[in-house]
Amino acid sequence: IAALNPHVAVERHPVRLGPDNALDLIGRYDLVTDGSDNFATRYLVSDACCLAGKPLVTAALGVFDGTLTTLRPFERGPDGTLNPTYRCLFPEPPPPGTVPTCAEAGILGAFAGVLGTLMAVEVVREIVGFGEGLVGRLLMVDGRGPRFETLRYAWDPANPLTGEHPTITDLSGHRRAA
């Protein structure tokens with residue numbers, strides 16, 4: 001990377017992300033992206049970004065489908081309501097074993113490239129501030145169709161992270177999931 005652009009700094013973190021280090025690691029950056037392939041990591045990263053007040057661009061892949069959204073749950077939308085969290089969209093992870101991992105099901109490599117490119121555009125949009133971002137919107141991509149659809153979702157007052165009666169105030173609950 002330095003040969004391509006000497007102004008880019010790469011910071012390696014040779015540790016596994018977990019509830020004990022997530023807030024420290026995430027707190028160092030202005031924006032976080034997540035393309036993890038498991039629900040435990042996905043929920044840990046989204047909860048940590050919310051608690052740290054960091055925007056998150058997150059994408060997930062299936063065999064022939066994918067989703068992409070941006071989370072800024074620590075901010076309010078134009079109507080004054082809090083922006084939604086990942087848990088407003090998906091309150092709980094699916095039960096273990098009900099959704100195959102990428103290693104089990106496989107993914108189409110070219111499709112990962114499509115979603116990765118869309119994710120990169122969303123990151124640039126977050127940094128530069130052009131167009132309509134994906135806060136409160138889930139971009140769903142069907143590779144079989146091919147079809148792109150966008151679903152709107154909103155803050156849920158019952159969500160455990162930023163709802164009216166939050167029960168998640170730190171990352172300690174993720175120790176049980178890890």
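Aspartate 47 lies in helix α2. In this predicted model, aspartate 47 counts as buried because its relative accessibility is 1%, below the 20% cut-off. Its contacts, leaving aside residues up to four places away in sequence, are Arg87, Leu161, Ile168, Leu171 and His174. Aspartate 47 and asparagine 159 are 112 residues apart in sequence. In space, 12 Å separates their C-alpha atoms.

Helix α2 also takes part in the nonpolar interior. In soluble globular proteins, nonpolar side chains tend to be buried together. Here the largest nonpolar core has 15 residues. Within this core, Val32, Cys49 and Leu56 have the most contacts. At least two core residues come from each of α1 (22-27), α2 and α3. The most, 5 residues, are given by α2. Leucine 56 touches residues on several stretches of the chain, not counting those up to four places away in sequence. Val32, Thr33 and Asp34 are among them. Val45, Ser46 and Cys49 are also touched by leucine 56, as are Thr69, Thr70 and Leu71. A second core, separate from the largest, has 10 residues. Val57, Leu68, Met119 and Leu134 are included in this second core.

Aromatic residues come next. A pair of aromatic rings is described by the distance of the centres and the angle of the planes. The structure holds 2 aromatic pairs. Tyrosine 43 and tyrosine 86 form an edge-to-face pair. Their ring centres are 5.1 Å apart, and the planes meet at 80°. Tyrosine 43 belongs to helix α2 and tyrosine 86 to helix α3, so this pair ties together parts 43 residues apart in sequence. Both tyrosine 43 and tyrosine 86 are buried. The other pair joins tyrosine 86 and phenylalanine 90 and is tilted. Here the centre-to-centre distance is 5.4 Å, with 55° between the planes. Tyrosine 86 has a relative accessibility of 7% and therefore counts as buried. Phenylalanine 90 is partly exposed, at 32% relative accessible area. Tyr43, Tyr86 and Phe90 form one aromatic cluster.

Leucine 138 is found in strand β4. With a relative accessibility of 5%, leucine 138 counts as buried. Beyond its neighbours within four places in sequence, leucine 138 is in contact with Thr67, Leu68 and Thr69, among others. Further contacts of leucine 138 include Leu89 and Phe90. Glu149, Thr150, Leu151 and Tyr153 are also in contact with leucine 138. Leucine 138 and threonine 33 are 105 residues apart along the chain. Their C-alpha atoms are separated by 15 Å.

The loop between β4 (137-142) and β5 (147-152) contains proline 146. Most residues other than glycine have a negative phi, and most peptide bonds are trans. The bond that joins glycine 145 and proline 146 is cis, with omega of about -20°.

A charged residue is also buried in helix α5. Arginine 125 is found in this helix. Its relative accessibility is 17%, so arginine 125 counts as buried. Not counting residues up to four places away in sequence, arginine 125 touches Phe130, Gly131, Glu132 and Gly133.

Open space was examined last. Rolling a probe the size of a water molecule over the atoms shows where empty space is left. The largest pocket holds about 1,100 Å³ of space. Two or more lining residues come from each of α2 (39-52), β2 (56-61), β3 (65-71), α3 (86-89), α4 (102-105), α5 (109-128) and α6 (174-177). The lining of this pocket comprises 48 residues. Asn38, Phe39, Arg42, Tyr43 and Pro94 lie nearest the pocket centre. Helix α2 provides the largest share of the lining, 5 residues. By class, the lining has 23 nonpolar, 16 polar and 9 charged residues.

The second largest pocket holds about 390 Å³ of space. It is lined by 20 residues. Closest to its centre are Gly77, Pro78, Asn83, Val135 and Gly136. The lining of the second largest pocket divides into 8 nonpolar, 5 polar and 7 charged residues.

How values were computed:
Residues numbered from 1 in each chain as written. Predicted model: local features only at pLDDT ≥ 70, side-chain atom pairs only at ≥ 80, totals over all residues. Heavy atoms only, no water. 1 Å grid on protein atoms, 1.4 Å probe; cavity = no way out; pocket = protein on both sides within 12 Å on 5 of 7 lines; lining within 4 Å. Points joined across faces, edges and corners; volume = space filled by probe spheres on them. Helix = DSSP H or I, 4+ residues; strand = E, 2+ residues; numbered from the N terminus. Nonpolar A, V, L, I, M, F, W, Y, C, P; charged D, E, K, R; others polar. Core = buried A, V, L, I, M, F, W, Y, C linked by side-chain atoms within 4.5 Å. Buried < 20%, exposed > 50% of the residue type's maximum accessible area, 1.4 Å probe, protein only. Contact = heavy atoms within 4.5 Å. Phe/Tyr/Trp six-rings, centres within 6.5 Å; stacked < 30°, edge-to-face > 60°.
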